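Trainee: Hey, got a minute? I'd like a quick tour of this one before I start working with it.

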Amino acid sequence: MLTSARKTMPALDYVSIIRSVYSERGAMLLGAISSAAVAAISSFQAEAPILLVVAAALLVVGLIRFYNMQAFWRAGIGDDDAEAAERWENRALIGGALVAFTHGIWCLVAILVVRDPFAELASCTLTIASTVGLVARNFGLDRLLTIQIVSLSVPLWIAMIFRGNFYHQLLAAMLILLLISYRKMAGDVRALLLSAVHGRVEVSRLAAEFDIAITTLEHGLCMLDENGTITLANDRAVQIFTSLEIGKLAGQPFGPVLETLGARALVPKIAVARLRKIIDERGSGKVLFSIHEGPCFEVTVSSGQQRTVLLFEDITERMLAEERINFIARHDTLTGLPNRSHFNTLAAEHLQMRAEMGLPSTLMIIDIDEFKHVNDSFGHVVGDELLRQTADRLSAALPDEVLLARLGGDEFIALCAADHAKGRSAAEQALAAFDTSFMLNGIDLPVRISIGVVHSPASQDDLEELMTKADLALNAAKTEGKARSQIFHAQMDIDYHYRQRLKADLRDAVAAGQLSLAFQPLLDISTRKVMSCEALARWTHAELGPIAPAIFIPLAEEMGLISDITAWVVENATRECSCWASSVGVGVNVSARDFRGIDLPALVDRALRQSGLPPERFEIEVTETAVIEERDLAGSVLQALADRGIAIALDDFGTGYSSLSYLSALPFTKLKIDRSFVADIADDPRALRLLANVARLGRDLDLKVVAEGVETEEQLNVMLSQTSVQQVQGYFFSRPLPAKDIAELIERFNGKTSNRHAENRLHG
């Protein structure tokens, strides 16, 4: 079925084909006139007037088609107006069919009616020639071509068949084959032309896109031919080389351009040589082009098919970003000093170099005294500002050749290329820099530092070893009163290894359950009866004997074992207390680390449940320091315990950062005044007044007041007569006793009830 070409090809191609049908209207008219003239001549030669009618018909049809073609070009249809093109295709069908049919009738009349050899030859010759023209003109429209061939060939075929001659009939059959071959030829030409058109359009599209890509590429691009001549350079490449005072690029050899850059020292010669080598070898690779006092480019070279492409990518921002990232990775963001990792690298290089020359070095670790108090009291903004100003003061005070870094927190480290005397002098200079107070966000704040110093005579000590020794010296400086420097000596190392041994043995002791409990009673000051006992952990070393709690408790906190000890003490203290008289309770000290290290309320609940001890007989003791370190968390944990009916005692009151806000904000039920308030009350009226005032404060806050450290009867009598202290604790009554002895002491002070209670529990 013949269909419009509109349905089989894109609008742009379809319109182009229709235009080709309506082209060459002059040649078409000339062909029509020629055919009409030949028909008229054959009419005169054969004396056949009917051929004049045919001639007239040929001329009229030709004129009609001519004016129709002129009308098409006046209409001016758009390149993609397929709908209008289809209307003109239909008009071309009518005109083309008329032309072909008229030529066919001409042949029919000449062969069947006139039967003149010249008339037959003229009509057939012109008709076949016209057919070739139809194929050449209308090959793009299969429907039009087919209709024209049929319109022309049917009359001609009828004439040949009815002529009655075998040879004419054979010729008719051959003509059919010829016309079929014409149609096939037209289809092939049409397919070839459309393919060429599509290829040209695709090439044009790709060329346009390539041109856009090259033009809009943010990187510079140069293309070199097989001789190294620049055949293409985009706008960005032109801008780059123009800024380097290089003129026209296109058509210039790239070698002299490189020579000019190297000669002017605009680009490092090594980069120029490497780029030239890659280009000459037709290779591929990347070269860093750092322009003197200008941007930095990464040149990517790609070679293939006798062409070389150079891509110039501006990586200045990337290089700056990498430098910033490297700086951040190696330096402390707050102070700008090298961080610990970068310091380790620099210090290792420094020590190796000094060791090779046999020269001494001095290492200092510097710590800000009471920095945590600054953070807690004034906030982290002030703390951060203090760290920044500390770094500035240390940088200004220490010699220029000193390698200064921030270790972390409030610790700084300095490595000096100095002997013992110069190292000590540098430490004194650093201390002197803090004689002047700091102005921090409008706050005038005096701040001091402590310094641990270690000297390495030939710089042959390992950095980690030096830092360990300096840290030991720093701890000694802190212990001796802070705001000073301390030089490492051998005894510190001995003490350090002793501490390390104690740490290892303490870990094993806790894991093996080798600690024990001691209990010190708290007595009512009036009745002298035991009201409760403080449970205290004790450790007896297998070789070293008893280790003082003042030694192993800080070690346990440092090692993260304190919460394990607290859990053990709570479980065992509640079990022991359940065997005492019903009125006597037990108190357990908790560390600041316990608020995060364990679920304290759950631990207490489990211990009370397992021992059967009522909550009102259990007491938690916490120091002011512990409350300060974990104020928010401590508040929530202590409140949860208080809600269970457990008493909360503030221990060692007066030794930390005493504040009435803690007393009123937290659920304390007892205030234990530190022994330092009690020591001189028998001889010093001022000390007595201070104790009396503190006790009155506790009573006014509805707290039970306990005085610790009572060691003489005179202290007890003065306290009883002139203060409102309610309970006392101290060596005057009893040292801490083992679990097996505390029940006997309670019995002695409170009577026989405790013993009967214990027996009931044992046999109940």
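Mentor: Sure, we'll go through a sheet, a surface patch and one residue in a loop, and bear in mind that this is a predicted model.

Trainee: Okay, the sheet. In what order do the five strands come?

Mentor: The order is E2-E1-E5-E4-E3, in an open sheet with antiparallel pairing. Strand E2 (230-233) and strand E3 (285-290) are the edge strands, each pairing on one side only. On average, neighbouring strands are turned by 20° against each other, direction ignored.

Trainee: And how many bridges join E4 to E5?

Mentor: Eight, between residues 296-304 of E4 and residues 307-314 of E5. Within that pair, valine 301 stands opposite leucine 310.

Trainee: Which strands does helix H10 lie across?

Mentor: Helix H10 (residues 269-280) lies across E1, E3, E4 and E5, and runs at about 150° to E3.

Trainee: Switching topic: which residues form the nonpolar patch on the surface?

Mentor: Phe166, Tyr167, Leu170, Met174, Leu177 and Ile180, with about 680 Å² of accessible area together. Met174 is found in helix H7, which covers residues 166-216.

Trainee: Why is methionine 174 called partly exposed?

Mentor: Because its relative accessible area is 44%, which falls between the 20% and 50% cut-offs.

Trainee: Last one, valine 447: buried or exposed?

Mentor: Valine 447 is buried, at a relative accessible area of 3%. Its place is the loop between strands E10 and E11.

Trainee: What is it in contact with?

Mentor: Leaving aside neighbours within four places in sequence, valine 447 is in contact with Ile368, Leu386, Phe434 and Phe438. Valine 374 is 73 residues away from valine 447 in sequence, with 9.3 Å from C-alpha to C-alpha.

How values were computed. Residues are numbered from 1 along each chain as its sequence is written. This is a predicted model: local features need pLDDT of at least 70, side-chain atom pairs count only at pLDDT 80 or more; totals for chains, interfaces and linings use all residues. Side-chain values use heavy atoms; hydrogens and water are left out. Patches are made of residues with over 30% relative accessible area and no salt bridge: like charges are joined within 9 Å, nonpolar side chains (Val, Leu, Ile, Met, Phe, Trp, Tyr) within 5 Å. Accessible areas come from the Shrake-Rupley method with a 1.4 Å probe; for residues, only the protein chains shown count as cover. A salt bridge is a side-chain nitrogen of Lys or Arg within 4 Å of a carboxyl oxygen of Asp or Glu. Helices (H or I, at least four residues) and strands (E, at least two) are DSSP runs, numbered from the N terminus. Buried means under 20% relative accessible area, exposed over 50%, partly exposed in between (1.4 Å probe, protein chains only). Contact means heavy atoms within 4.5 Å. Two strands pair if DSSP finds at least two bridges between them. Axes are lines fitted to C-alpha atoms, for helices over the stretch in contact, and angles run from 0 to 180 degrees between N-to-C directions.
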